[in-house]
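Q: Please take a close look at the charged side-chain pairs here, one pair at a time. I'd like to know how open each partner is, and then how the pairs sit within the rest of the fold.

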Amino acid sequence: MATSSTQAIPEAAAIPQHVAIIMDGNGRWATRRHLPRTAGHAKGVQAVRRVVEACGRRGVRYLTLFAFSSENWRRPAEEVSLLMRLFMQALEREVDKLQEQGVRLHVIGDLSAFEPRLQTLIHEAQERTRHNDRLHLSVAANYGGRWDILQATRALLTAEPELAARPQDLDEARLARHLSMAWAPEPDLFIRTGGEQRISNFLIWQLAYTELFFTDAFWPDFGAAQLDEAIAWYQGRERRFGRTSEQLRAAR
């Protein structure tokens, strides 16, 4: 299991090991161009391709993208349907490229709500890429941070029912191993596009000590240059993990 930033001090490198992104602004990008919102979502798929390739070239090992939240079901039915179709098309068309680039695909979230065909495509894509290790691409679909903690708690109590009678034995490490991304390090850099400044129920356990970068750029306009801007900002941050600046300087 990866190092917890609240229990130990993770290693901090110039290039973030793990980047997590909320891909926001597809609909507003389209509206400003007098296009249907669906056109923005289609354009956003191209941005995903650009960012995956850019992360691979820069040495990022883990990239997590928030594609569809558990709250996004509240959107208009036609928009949700379009997003599901785009997801299926991306799985059908992009897996060959992921395989060529050494990218391993993970899909996290409550997948039981998706139609059987989509669940099958997800399973097949994950199986086909499971031996790749250059970049781990996680797509959060029907995912919510609170759902993640709740499902981890349920899984823990199922695995260790005796904890219900001995709650004092419950610790962070025991719970964390059941989270959706227990196998990955916590994100070093969080990026949200589209001008909003909140984490919107995304990886709320894992973002405890992540550096948060917000940009006004809409997701369809995001690419290698914008990623470099975020990484440059990240490199200017002082990652203290509870320590003082003086302690950091003394440790160098």
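A: Arginine 198 and glutamate 196 join their side chains in a salt bridge, with 3.1 Å from N to O. Keep in mind that this is a predicted model, and the distance is a computed one. How open are the two partners? Arginine 198 has a relative accessibility of 44%, which makes it partly exposed. Glutamate 196, at 27%, is partly exposed as well.

A second pair brings arginine 166 together with aspartate 169, and here the N to O distance is 1.8 Å. Arginine 166 shows 34% of relative accessible area and is partly exposed. Its partner, aspartate 169, is also partly exposed, at 27%.

The third pair is worth a longer stop. Arginine 237 and glutamate 211 meet through their side chains at 2.8 Å, N to O. This bridge ties distant parts of the chain together: arginine 237 belongs to the loop between α7 (224–235) and α8 (245–251), while glutamate 211 is in strand β6 (residues 211–214), and 26 residues separate the two. Is each end of it buried or exposed? Arginine 237 counts as partly exposed, at 41% relative accessibility. Glutamate 211, in contrast, has just 10%, and since the cut-off for buried is under 20%, glutamate 211 counts as buried. The pair does not stand alone, either: through shared partners, salt bridges connect Asp188, Glu211, Arg237 and Arg239 into one network. In total, the structure holds 18 salt bridges.

Now for the fold that carries these pairs. The chain is built from 8 helices and 6 strands. Read from the N terminus, they come in the order β-α-α-β-α-β-α-β-α-α-β-β-α-α. With a radius of gyration of 19 Å, close to the 18 Å that the globule rule gives for 252 residues, the chain is as compact as a globular protein of that length. Along the principal axes, its C-alpha atoms fill a box of roughly 55 × 45 × 35 Å.

The contacts and areas add to that picture. Take the contacts between residues at least 6 apart in sequence: 76% of them join residues at least 24 apart. Of the 252 residues, 46% are buried. The chain exposes about 12,900 Å², and 49% of that comes from carbon and sulfur atoms.

Two helices show how the burial is laid out. Helix α2 (residues 37–58) counts 22 residues, and the distance from its first C-alpha to its last is 32 Å, close to the 32 Å expected at 1.5 Å a residue. Its buried residues include Gly40, His41, Gly44 and Ala47, and further along also Val51, Val52, Ala54, Cys55 and Gly56. Just after α2 comes glycine 59, which has a positive phi of about 90°.

Helix α4 (residues 116–128) passes the length check too: its 13 residues should span 18 Å at 1.5 Å a residue, and its end C-alpha atoms are indeed 18 Å apart. Which of its residues are buried? They are Leu118, Leu121, Ile122 and Ala125. These residues lie on the same side of α4, because they cover an arc of only 100° around the axis. The general geometry helps here: an α-helix has 3.6 residues a turn, so residues three or four places apart point the same way. As for what that side of the helix touches, the buried residues of α4 pack against α3 (77–100) and β3 (103–108).

Finally, two backbone angles deserve a look. Most residues other than glycine have a negative phi. Asparagine 142 departs from this with a positive phi near 50°. Asparagine 142 is part of strand β4 (residues 135–143) and, with a relative accessibility of 7%, is buried. Serine 200 likewise has a positive phi, near 50°. Where does serine 200 sit? It is found in the loop between β5 (189–192) and β6, the strand that also holds glutamate 211. Serine 200 is partly exposed, with a relative accessible area of 27%.

Conventions:
Residues are numbered from 1 along each chain as its sequence is written. This is a predicted model: local features need pLDDT of at least 70, side-chain atom pairs count only at pLDDT 80 or more; totals for chains, interfaces and linings use all residues. Side-chain values use heavy atoms; hydrogens and water are left out. Helices (H or I, at least four residues) and strands (E, at least two) are DSSP runs, numbered from the N terminus. The expected span of a helix is 1.5 Å times one less than its number of residues. Buried means under 20% relative accessible area, exposed over 50%, partly exposed in between (1.4 Å probe, protein chains only). The arc is that of the directions from the helix axis to the C-beta atoms. Contact means heavy atoms within 4.5 Å. The radius of gyration is taken over C-alpha atoms; the globule rule is 2.2 Å times the number of residues to the power 0.38. Accessible areas come from the Shrake-Rupley method with a 1.4 Å probe; for residues, only the protein chains shown count as cover. A salt bridge is a side-chain nitrogen of Lys or Arg within 4 Å of a carboxyl oxygen of Asp or Glu.
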